[in-house]
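Q: Please take a close look at the salt bridges here, and tell me how accessible the residues in them are. I would also like to hear about a helix that shows where its buried residues sit.

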Amino acid sequence: MWDSREEGLRWLAQAEHDLSVAQLTLEAGYFSHCCFLCQQAAEKAVKAIAYALGERIVLGHSVSDLCKRYAARVAEFEPLIPRAGGLDLYYVPTRYPNGLPGGVPHSVFTERQATEAIDSAGRFLSLARVRFGGPRRQ
């Protein structure tokens, strides 16, 4: 039998893992990968919440679009939408040279961007933890 809470917890577990790996890539100086993993962590955290709300299929990769889709049911998404938009910028250009006007991702993204992405993603995971009854961490 379908258990939407359990499905949400699966997505949250992967989001936690992605954010942990993002932290490692930040420490190692792989800033483009860090930014991408932060986008992924936030996306999965939002999807975890959507599944916990009872959704059976959650499509889309834009953190901003997902937040807007569920903002009426999760008021805490509204103030996070600007951060979601920032993370969405890391979905393609962090991985593909043709996603940039010049250069290659590994030489374009900065430590500051990666640090800010960690902070933003952490806010989404913190919200998801609280929604699932866990502690808020930052």
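A: Happy to help, and one definition comes first: buried means under 20% relative accessible area, exposed means over 50%, and partly exposed lies in between, using a 1.4 Å probe and protein chains only. The model is predicted, so local features need pLDDT of at least 70 and side-chain atom pairs count only at pLDDT 80 or more, while totals for chains, interfaces and linings use all residues. Residues are numbered from 1 along each chain as its sequence is written, and side-chain values use heavy atoms, with hydrogens and water left out.

Now to the pairs. Side chains of opposite charge can pair when their charged atoms come close. Here a salt bridge is a side-chain nitrogen of Lys or Arg within 4 Å of a carboxyl oxygen of Asp or Glu, and the count by this rule is nine.

Let's begin with Arg10 and Glu7, whose closest N and O atoms are 2.8 Å apart. Both residues belong to helix α1 (residues 4-28), three residues apart, or about one turn of the helix; helices are DSSP runs of H or I with at least four residues, numbered from the N terminus. An α-helix has 3.6 residues a turn, so residues three or four places apart point the same way. Arg10 is exposed at 58% relative accessible area, whereas Glu7 is buried at 14%.

Next come Lys44 and Asp18, with 2.6 Å from N to O. Lys44 is in helix α2 and Asp18 in helix α1, so this salt bridge ties together parts that are 26 residues apart in sequence. Both Lys44 and Asp18 are buried.

Helix α6 holds Asp119 and Arg123, four residues apart, about one turn of the helix. The closest N and O atoms of this salt bridge are 3.2 Å apart. Asp119 is partly exposed at 31%, and Arg123 is partly exposed at 30%. Arg83 joins Asp119 and Arg123 in a network of salt bridges.

Finally, here is the helix you asked for. In α4 (residues 81-88), the residues Ile81, Ala84, Leu87 and Asp88 are buried. Viewed down the axis of α4, they fall within an arc of 115 degrees, so they line one face of the helix; the arc is that of the directions from the helix axis to the C-beta atoms. These buried residues pack against α2 (31-52), α3 (63-70) and α6 (111-131), where contact means heavy atoms within 4.5 Å.

Key: Helix = DSSP H or I, 4+ residues; strand = E, 2+ residues; numbered from the N terminus.
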